[in-house]
Structure formats: structure tokens, C-alpha cells
Amino acid sequence: MRVLAADGSFAPSAAAEPYLSVIDGLADVELEGLYRDMVIIRAFDRQATNLQRQGQLALWPPSLGQEAAQVGSARAARTQDHLFPSYREHVVTRIRGVDGIDIIRLMRGLTHGGWNPFDPKNGNTHPYTLVLGAQTLHATGFGMGLVFDGRCGTGDPERDEAVIVYYGDGASSQGDVHEAMVFAASYNTPEVFFLQNNQWAISVPVATQSRSPLYRRGDGYGMPSIPLDGNDVLASYAVTRVALDEARGGAGPRAIEAMTYRMGAHTTSDDPTKYRTSDEEESWAGRDPIARMAAYLRGRGASEAFFAGVDADADAVADDVRVRTTELGGLDRDVIFENVYSEPHPRVDEQRAWLASYEASFDEGSAS
């Protein structure tokens, strides 16, 4: 499913026809907002990558190139919906209200999870999951809870809730994902499985992982499954909007495969030049999601003042995260023992006391 061609012209594919009314309902300010989201998060992402290179972060997973898939799907969710990211959905968290510095704190090693998903300011966004594919089980379990509690399928779109879970082509080969789909189908969860196929599971290409399109795996569990151009923010928005509405209304789980490309490294510990060709990267660079949306907006009459303003806002966000990152400092020792258990635990108390004693022994000169 595609709405915008690579050059930004409005050229819907045949599969886009059922979704065009959704796109027609977007006002100019909403269309410009989609572009703004993508530009700002790319600036944030580049700044975070630089901060890691400067020793400020232990690790950083870039989202360069995947902005359209993430922005469109996140903007399609309603306020009451619950989002389960993997570990590079930076703009998804931003759209839902999570402070970007909370992602930085996680990648700096200052927190176990980053943020509290049940704090209203975080928009029902659950923490990053670095264990590959595990978040699909979390999302399905939460979706089952929505079914048990009667919080979906009531016919009230303002109250019904849904779940969307993000994962990649590499994670799609994990058993966790298939187990999640089994339970989602069995319990008719109000859930959207959003697969970002960025072509590479670290150094393993999609062709090695699967002999058939990945979206067909959802078909195997009886889920309506839709492939879309993941570099087309309008396609991502429209398909996800409809899928979430259907799931929320009681029609059961849906699967989406967004075909995109990871322009950067898998993480900052990876070197993609070892397994990718420059020709491949240049080919995908010609399908850049931000350039595509910019061309579309210019064709609609967006002013150069608008684009300059977005660039200035993006620079300000990048500067802000750089300043706040350098002000974070080190780790408070007690944070290590927080949120390990939901209730106080004697073993944790013993470990906290042991660490305090061990560190104190250095001051006493008795540690060896």
C-alpha cells in the first residue's frame, strides 16, 4: 500500500483506495505535523549518536530512515491506546509525551526502564524492551487483560482501548513473536502487530530469514495482514488508523508490515559497511521519507518559512538534549536496587547493605 511516490507526488496504489478517505480527513496542520515529527526526531537521533561517540552514552540504536513508519503509526493511535516499543522507536515515545532525556538515561545506564508507562504524561507508552521480541508477549498479555476487563469492543470509540506493538524483521523470527500471535488470535485481542522490516537483522538480510513475505506470517494466525511502504508516512498513518479502529472495536488482532530501511547502523557498536553495499544504501537514500513528505507539502503550497521553522525547532531539540545529557552526571547507587521487585524484598536489602559495606571498605583501606 502506497500513497506517495518516492518523488513526493500523490500516486496512490490500488491497495490505497480503501484508505484515501482517512488521508482526505487530515488538515494541513496535521500533514505538516507529520513532517515536523520526522525532522525533529532525526535531529534528536543524530545528536544522540554523536553523544554516544563522545562517550556520553553506552549505546545508541539509530532510527535514521524509519521515521515515516513510526510517525504515521504513532499519530494514528488514540489517546487511550497502549504502545509497546522495542528499542528504536524514539519518535513514537516522543509523540506520546515521553521526555527524550528518559531514553538517554536508559542508554547511559542510569535507569532500569527509563520511564513509568502509567504516569499520564507518558501517554500509555511502555518501556523499551532490549530482549528481542519479548515486548510482543507483553503487548498480547495486556491486550488479553483489555478483553477480560471489557475495555474494548463495547461500541464506544471514545472509551474502547487497543494495543500496538513494534518489532523488527529480525525479531519476527523469534519464538516469542509467534507465541504472542497464537494467544492474540485465540483471545481476539484488540492489538496491532506493527513490523518494521528495515531489511537487516543486524548483519542478516531478510532473504536469509524468510522465503516468503513477512506479512504473510500474520495470515497464518488468521489476522488480516497488510504490507505497506514504510517510507510513506501517509500510508503508515492510514493503514494503522484503520487497523487500530477495527481492533479496538472488537474485530481482533491485525498485522502490518512496513517496508523501510535502516540507513544507519543497527546500534553504535555495529559497522554496516561489513555487510552492506554502498549501492544498496544509495538506492534507499533516494526513497528518504522526509524528502518525500517535504516534496509533497511543497506541492500543496507549504511555505519556505514553514520548513525553516521546522529546521530551527529540530536544532533546538538537539541542542537541548545535548545540554541535558552532559548535566546528567553518574549513577546514584540506590537506583540499582529500585523497581527490582514491586514490594520490599529482604534479598535486595541484603545486597544493598553488602554494596554499601564493600564501597566503604575502600575508604578504610581494607579492600583487596
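1. Let's start with Phe 148, which sits in helix α6, residues 134-148. (Helices are DSSP runs of H or I with at least four residues, strands are runs of E with at least two, and both are numbered from the N terminus.) Phe 148 is exposed, with a relative accessible area of 55%. Here buried means under 20% relative accessible area, exposed over 50%, and partly exposed in between, using a 1.4 Å probe and protein chains only.

2. A quick word on what you're looking at: this is a predicted model, where local features need pLDDT of at least 70, side-chain atom pairs count only at pLDDT 80 or more, and totals for chains, interfaces and linings use all residues. Residues are numbered from 1 along each chain as its sequence is written, and side-chain values use heavy atoms, with hydrogens and water left out.

3. Back to the surface. Phe 148 joins Val 182, Phe 183 and Tyr 187 in a nonpolar patch of about 400 Å². (Such a patch takes Val, Leu, Ile, Met, Phe, Trp or Tyr residues with over 30% relative accessible area and no salt bridge, their side chains joined within 5 Å; a salt bridge is a side-chain nitrogen of Lys or Arg within 4 Å of a carboxyl oxygen of Asp or Glu. Areas come from the Shrake-Rupley method with a 1.4 Å probe.) Helix α7 gives the largest share of the patch, 3 residues.

4. Now the inside. There is 1 cavity of 30 Å³ or more, and its volume is about 80 Å³. (On a 1 Å grid over the protein atoms alone, a cavity is a set of points where a 1.4 Å probe fits but cannot get out; a pocket is an open set with protein on both sides within 12 Å along at least five of seven lines; lining residues have an atom within 4 Å of a point. A volume is the space filled by probe spheres set on the points.) Of its 14 lining residues, Tyr 167, Met 181, Leu 195, Leu 214 and Gly 218 are closest to the centre.

5. Two pockets next. The largest holds about 350 Å³ of space, and His 112, Gly 113, Gly 114, Trp 115 and Asn 339 lie nearest its centre. The second largest has about 270 Å³, with strands β2 (163-168) and β4 each supplying at least two lining residues.

6. Finally, Ile 202 is in the loop between β4 (200-201) and β5 (204-205). At 41% relative accessibility, Ile 202 counts as partly exposed.

How values were computed. Patch = residues over 30% accessible without salt bridge, like charges linked within 9 Å, V, L, I, M, F, W, Y side chains within 5 Å.
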